[in-house]
Amino acid sequence: MTAVHEKSAGTRLDPVLRRQVWRQGLSVGVATGAYGISFGALAVAAGLNLWQTQALSALMFTGGSQFAFIGIVGGGGLGATPAAIAASSMLGIRNGLYALELTQLLGVTRLRRLAAAHVTIDESTAVAVSQGDVRAARLGFWVTGLSVFVLWNLMTLAGALVGNALGDPKQWGLDGAACAAFTALLWPRLKSRDAVGIAVLAAVIAIGLSPAVPAGVPVIAAAAAALLAWRAPRTAAGQARTEETQS
Amino acid sequence: MTMWVAVLVAAGVAFALKLAGYLVPAKVLQEPHVKRVTAALPIALLAALVATQTFTGPHGSLALDSRAAAVGVAVIALLLRAPFIVVVVLGALTAALLRLAGWA
């Protein structure tokens, strides 16, 4: 990744490569935007109104955090909002880590930096850092980030309207959809034995605490399971590095 | 706290975290222990969300119902490399059909 900005800054991007990056960014945008519909539907099922749902997609704009927020207020209502904020914020830390890696690559300042920060998410980062050329990386970041933003917001609106029209969310299995959504968000991260260990411990902590404390708190407490990662991975020293580049 | 305040505060924190990465010196977060723990945070939080959304009922009591079946179907779909939206729809279908069949 650091090798990217050594090369070819300032040169023109080959038209073939340019088209390729556009296509890649837009296809990620379409694929990611599509599941904004599930976010919209689940958010209104969790008790948010249409505008609150839309505000999360437009202003928070980071899928995992948005799902966490509605998951917790869906279970605990207004009383669970502090826990919902804490959980969505902890999930948002990774965007800050992406930004650390992107700041040199993108070379943005002022207003552009604010815009870049807003669209710094899993998908835009992944497309940017997978390019072998700094111009392609910048183009990939913006095309992906902006297309996800537009489609994610449009699909959120569609989902919220559908969700409002559905009536009883349980009858349509929307609670099952929420569980499936969290499973699908977690799945790609379970790449190592350590990751699985952390996930299992977190699940046990959360379920164990659930009967005793207010809704949302078990999820925050389970974040402590991440401390298992403090010590180095058991296998070769290279493992952490490999995992990082894969994620 | 009203829902609006919560939505705006959470969105503000999310943006601040993104922006911070562009503004702060990277030293603290580059420390290997801290880096590993922050990378592991989403795993712990998402696993906890799967667990509580699936296996708890009212007031945090343990529950085993159609949601667990929805997660089972989701895992099978993920093993078959189904896209996110397909996994979510299958989860909804599973829960809805089981409920229709009379299983909570």
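The following questions and answers concern the interface, a pocket and the salt bridges of a predicted two-chain model.

User: How many residues of chain B are in contact with chain A?
Analyst: In this predicted model, contact is taken as heavy atoms within 4.5 Å. On the side of chain A, 90 residues take part, and the number on the side of chain B is 64.

User: What share of the area buried between chain B and chain A do carbon and sulfur atoms give?
Analyst: The area buried between the two chains is about 6500 Å². Within chain B, Lys18(B), Tyr22(B) and Phe84(B) lose the most area to chain A, together 13% of what that side buries. Of the total area, the part given by carbon and sulfur atoms is 80%.

User: Which residues form the salt bridge across the interface of chain B and chain A?
Analyst: The rule finds one salt bridge across this interface. Its closest N and O atoms are 2.8 Å apart, and the cut-off is 4 Å. The partners are Arg99(B) and Asp175(A).

User: Which helix gives the most to the side of chain B that touches chain A?
Analyst: Between the chains, 11 residue pairs are in polar contact, both residues being at pLDDT 80 or more. Helices H1 (3–23), H3 (32–55), H4 (66–79) and H5 (84–100) of chain B each supply at least two residues of the side that touches chain A. By class, that side holds 48 nonpolar, 11 polar and five charged residues. With 22 residues, the helix that gives the most is H3(B).

User: Which element provides the largest share of the lining of the second largest pocket?
Analyst: This pocket has a volume of about 860 Å³. Its lining has 37 residues, and nearest its centre lie Gly71(A), Gly74(A), Gly75(A), Gln53(B) and Arg67(B). Two or more lining residues come from each of H2 (36–45), H4 (63–76), H9 (174–186) and H11 (217–222) of chain A, and from H3 of chain B. The largest share, seven residues, belongs to H4(A).

User: How many charged residues does the lining of the second largest pocket have?
Analyst: The lining divides by class into 20 nonpolar and 12 polar residues, with the remaining class being charged. The number of charged residues is five.

User: How many residues apart are Asp122(A) and Arg94(A)?
Analyst: The structure holds four salt bridges over all chains. In one of them, the side chains of Asp122(A) and Arg94(A) meet at 2.9 Å, N to O. Asp122(A) lies in helix H7 (residues 122–129) and Arg94(A) in helix H5 (residues 81–106) of chain A, so that the pair links distant parts of the chain, at a separation of 28 residues.

Technical notes: Residues numbered from 1 in each chain as written. Chains lettered and ligands numbered in written order. Predicted model: local features only at pLDDT ≥ 70, side-chain atom pairs only at ≥ 80, totals over all residues. Heavy atoms only, no water. Buried area = accessible area lost by both parts, 1.4 Å probe. Polar contact = N/O pair within 3.5 Å; in protein donor to acceptor, adjacent residues only side chain to side chain. Helix = DSSP H or I, 4+ residues; strand = E, 2+ residues; numbered from the N terminus. Nonpolar A, V, L, I, M, F, W, Y, C, P; charged D, E, K, R; others polar. 1 Å grid on protein atoms, 1.4 Å probe; cavity = no way out; pocket = protein on both sides within 12 Å on 5 of 7 lines; lining within 4 Å. Points joined across faces, edges and corners; volume = space filled by probe spheres on them.
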